[in-house]
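Have the model open in a viewer and we'll take a walk through it. Keep the sequence handy too.

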Amino acid sequence: MSERCAKCGEMLVTPLPAACPACKEAVAGTAITEAPISMSERPISTSEPEEIRDIAKPEAMGPPCPGWLLVGLSTLLCGGQGALAGLGRTGKFDFRSDQSYLVGVAVGLAIGLVLAIDHWRFRKELNRTRAVADDGTPVAPAALPSEAIPVAMLILPILAAFVMWAGPPLPVNATVIEFAGPIAMIGTSVLGYFSIRQIALYAQRSQAHTGALSSPAFMYLAMLALWLICYPVHFVIRARMGGRNLVIPGLIATGVYCLQIFQPLFVEPELPGVDNSEVRSLLKQLVEQDAQQRPATIKNTTEVSFDAALQKRVGRCLVATKKQEEEFTFTITWQKRAADLWQVTLLPQLPPVDAPEVTNVLRDLLAGAGHNQVMFRNPVQETFDSAKQIRIGRVTAVLAKGEAPVRFRLDWESRDKGAYLVNIIP
């Protein structure tokens with residue numbers, strides 16, 4: 001504590017002198033005042049500490065992810081998700097149905113390129129928002145992270161699980177059911193990237209979020225590769241980085257998504273729809289057993305009927321070959337329902353009008369009418385009624401007396417036995 005002369009204000013030394021050295025006034029007879037403490041010497045009160053954010057360094061957000069690595073792995077992993085969507089019940093990959101693998105590759109490449117550009121911008125923004133002034137305060141204010149992204153991440157797996165669980169009994173397109181799982185995984189992975197991106201720009205504790213999964217790019221790739229593990233881990237990392245704690249809802253969403261794995265334990269399997277990718281693949285194989293029908297393309301599959309008691313589904317499809325497009329009828333029935341094994345049967349189809357067996361029957365019919373050594377040329381189909389299974393054809397018959405057009409009709413005598421009739425139309 002310092003003391004001053006009450007008369008002139010001169011600083012007095014300690015121990016106090018008998019008189020003030022400046023004004024010679026007796027110190028004992030004057031009042032002594034306490035010297036004021038300068039602002040620099042006053043102690044700082046700690047009763048109300050000022051909140052100062054601990055600004056994380058960019059290195060605390062995990063190692064940077066090279067753009068080529070992000071694009072390459074995104075393409076590869078999304079292609080794998082597409083391949084899983086086309087995985088048939090036989091355990092073999094089916095790439096021909098909807099080109100599912102190529103679709104996954106294209107989607108992964110597009111997402112990888114977009115995220116690689118955004119990740120480069122994120123690293124620049126991270127350096128800018130982490131810059132601090134001389135007093136330790138941030139130069140750029142950090143925006144609050146949006147809660148809409150993690151909420152969407154929670155809803156998407158639950159919605160996909162509902163589609164996969166309740167889709168087969170309902171009139172839901174089979175392709176939608178098959179791709180619901182991969183769409184949910186890829187969608188939540190992309191949302192996880194932006195979720196970590198936002199929270200990384202707002203992170204408050206640098207010591208709590210070190211590691212590769214604190215990088216949005218590595219979180220995206222990790223969720224694509226190991227979704228069941230890294231999806232709930234995402235919410236743990238996000239909570240440690242200062243976001244809202246959604247770990248329990250994340251675990252619940254993971255559990256709901258996994259319920260469809262145990263669906264056969266609670267619900268009897270359903271016959272696949274007529275537009276199922278594996279059904280179309282089997283139809284293609286059945287049609288191409290006839291060498292004249294190769295290559296065949298299956299289009300416009302529609303359901304004709306479904307007998308719940310007999311568990312029999314009847315469908316029609318349009319088969320396109322090099323020669324023509326024609327409707328085929330097929331059935332889907334159980335081979336062993338307990339093992340979820342079913343079979344596709346292609347109903348017998350009337351032969352084409354230019355089939356050798358048809359022209360042989362026409363030759364016999366004309367021979368019975370007194371025309372021997374008949375030759376045919378330019379067989380043409382006029383109409384085909386797929387519902388009634390009636391085919392009308394026209395051919396030019398080369399007879400001994402000249403040429404004559406012949407119209408004829410093909411229809412079934414016993415379709416189950418494959419017996420058909422050929423009649424000449426007068």
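What follows starts with the whole chain, moves to one sheet and its helix, and ends at a patch on the surface.

First, a caveat: this is a predicted model. The protein chain carries ten helices and eleven strands, and buried residues account for 40% of its 426 residues. If you take the contacts between residues at least 6 apart in sequence, 57% of them join residues at least 24 apart. On the outside, the accessible surface comes to about 24000 Å², with 60% of that belonging to carbon and sulfur atoms.

Now find the sheet. It's an open one made of four strands, in the order β8-β9-β10-β11, and the pairing is antiparallel. At the edges sit β8 (375-385) and β11 (419-425), each of which pairs on one side only. Going from one strand to the next, the twist averages 25 degrees.

Let's cross the sheet strand by strand. β8 and β9 are held in antiparallel register by eight bridges; to see one of them, look at Q381, whose bridge partner in β9 is G393. These two strands form a hairpin with four residues between them, and Q389 in the turn has a positive phi of about 55 degrees.

From β9 the chain goes on to β10 through another hairpin, this one with two residues as the link. Ten bridges pair β9 with β10, again in the antiparallel sense, and R394 has R407 in β10 as its bridge partner. R407 is worth a second look, since on the other side of the sheet order you can pick up β11 from it: R407 stands opposite I425 in β11. Strand β10 (residues 402-414) and β11 run antiparallel and are joined by seven bridges.

How many residues of β9 are buried? Seven of its ten are, so β9 is largely enclosed by the rest of the structure. As for a helix packed on this sheet, look at α10 (residues 356-368): it lies across β8, β9 (390-399), β10 and β11. Helix α10 runs at about 50 degrees to β11.

Finally, turn to helix α3 (residues 148-166), where you'll find F162. Is F162 buried or exposed? Its relative accessibility is 53%, so F162 counts as exposed; the cut-off for that label is over 50%. F162 also has nonpolar company: together with V151, I155 and L159 it makes a nonpolar surface patch of about 390 Å².

Definitions and conventions. Residues numbered from 1 in each chain as written. Predicted model: local features only at pLDDT ≥ 70, side-chain atom pairs only at ≥ 80, totals over all residues. Heavy atoms only, no water. Patch = residues over 30% accessible without salt bridge, like charges linked within 9 Å, V, L, I, M, F, W, Y side chains within 5 Å. Areas by Shrake-Rupley, 256 points an atom, 1.4 Å probe, with all protein chains shown as cover. Salt bridge = Lys/Arg side-chain N within 4 Å of Asp/Glu carboxyl O. Buried < 20%, exposed > 50% of the residue type's maximum accessible area, 1.4 Å probe, protein only. Pairing = 2+ DSSP bridges. Axes fitted to C-alpha atoms, helices over the stretch in contact; angles between N-to-C directions. Contact = heavy atoms within 4.5 Å.
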